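Got your viewer open? Let's take a short tour, one selection at a time.

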Amino acid sequence: MWKVVAILFSLFTTQFSFAFFVHPIFQHKIAQTSRRYYNRSTLRLNECDISEVERIYCISDLHTDNVQNLQWLTESCNSPHAPKEKDCLLIAGDISHDYKILEKTLSIITESLSCHVIFVWGNHEAWCGKNMTSSLEKISSVKKICQKYPKVHTDFQLVGTDHSNPVVVVPIESWYDGSLSLPECEDLCDNFQNWPWVDFIRCHWPSETELMKDTEILPSRKRHENLGKIPIGLTEWFHYQNEKDLAKVRSQFEHSEGELGLITMTHFLPNQKTLPDWKVPSSSDFRRDEWLDHPVPDISAKFAKVAGSDLIDFQIRSIINKQEKDKDIKHLHVFGHSHRPKDFVHENIRYIHNPVGKPVEREMNMIPNDVDFQLIWDCRSGEVRGRTIFRYWEDYGGGKELLAKNMQRRKRKRMKR
Ligand SMILES: [Fe+2]
């Protein structure tokens, strides 16, 4: 009924301005229905509208090849706090490199929870097996597995248009390129070329020349910047591929009137502020002595090189243009990879990392022991705020001293074995 009234209303308003004939309450209802009807009809063409969704949750780094993590998943899916049939779970990468475990995990989630899932792959999904020589091929196979499940999506979705606060969820594919390197920490990255980072062995990417055939963006970083085996031109290539879908997403915001929220998601980190050691997101100064005073500063410095890319932040911030920024659109960005929880706002974007991580990281309070699916959006009322987290182990995990003690204890345990 309201849809018919809305269509008639929008037809009339193209010729005449007669809003004063309509009671303000009806004006609001008509405008709301009209906008919803428009958005849904345009996006339906792309089969990416999951209108019935009520709540959106996030999680990342399930690593269910670990038995304890698989057990965590089974138990969490049976918890009363878990997403329900009318909900959507965002998974920001790193379920497993193994196809069988990936399928098993998706089956557990879709059978126990019956919710929608939006998944973006992580570095573990890009690991090649014995008979595979291309990580791009591997990612393509991973997406094909996801397609077997009608409620698992790997492309952007308009979520919750049956309700008053719908949101566009946009998975962004990416990699790392050294652009988040910690300033003045190169002395901690000696011999980075030989750092035993598993991706350097198990991922196989096209050469820089091959990648450049498909993109017009030139890589901004070069080998002489101590990038070791980080592939050159890969983040630019993904950036270029993402643009095809982002054009459609941008047009949604051009036609919305501020009622539509935005949730972008990547596995990799979008800026330096999201690095585990970054303490004050409002500051661009990195305080090495104060922030790297833990037992493994060299790991922090090396991880920053393989953490993510500043191109991600550039791309997610390009979705909403300047005029649309005035509409006060809520933008959340969900990411994974570092296994160090975060939840903070920086320059109008809320960055959230809610990892399951490794059992040992949970034991050492680097990740909450009671990690759970995090509710971040309710399509009936809007954003769901969480506690602010800059550095979990300091803010809530017992502090740096306890962390240092736990690390020492673990080291002794390992040496005894
Ligand atoms: Fe990862």
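Before we start clicking, one definition: two residues are in contact if their C-beta atoms, placed from the backbone, lie within 7 Å. Keep in mind, too, that this is a predicted model.

**Stop 1: α3 and α4.** Select residues 67-77, which form helix α3, and then residues 99-113, which form helix α4. Their axes sit 10 Å apart, and the two helices pack at an angle of about 10°. Angles under 35 degrees count as roughly parallel, so α3 and α4 are roughly parallel to each other. The crossing of α3 past α4 is right-handed.

Now zoom in on the contact. Show L73, T74 and C77 on the α3 side; on the α4 side, show T105, I108, I109, S112 and L113, which they meet. Try colouring these residues by class: you'll get 5 nonpolar, 3 polar and no charged.

**Stop 2: α4 and α5.** Leave α4 on screen and add residues 135-147, which are helix α5. Here the axes come within 10 Å and cross at roughly 30°. What does that make α4 and α5: roughly parallel or roughly antiparallel to each other? They are roughly parallel, because 30° falls in the range under 35 degrees. Look at how α4 passes α5, and you'll find a right-handed crossing.

For the last selection, pick Y99, L102, E103 and L106 in α4, along with V142, I145 and C146, the α5 residues they meet. Colour by class again: this contact has 6 nonpolar residues, no polar ones and 1 charged.

Notes:
Residues are numbered from 1 along each chain as its sequence is written. This is a predicted model: local features need pLDDT of at least 70, side-chain atom pairs count only at pLDDT 80 or more; totals for chains, interfaces and linings use all residues. Axes are lines fitted to C-alpha atoms, for helices over the stretch in contact, and angles run from 0 to 180 degrees between N-to-C directions. Helices (H or I, at least four residues) and strands (E, at least two) are DSSP runs, numbered from the N terminus. Angles under 35 degrees count as roughly parallel, over 145 as roughly antiparallel, 65 to 115 as roughly perpendicular and the rest as oblique. A crossing is left-handed if the near helix is turned anticlockwise from the far one by less than a right angle, and right-handed if clockwise. Ala, Val, Leu, Ile, Met, Phe, Trp, Tyr, Cys and Pro count as nonpolar, Asp, Glu, Lys and Arg as charged, and the others, Gly among them, as polar.
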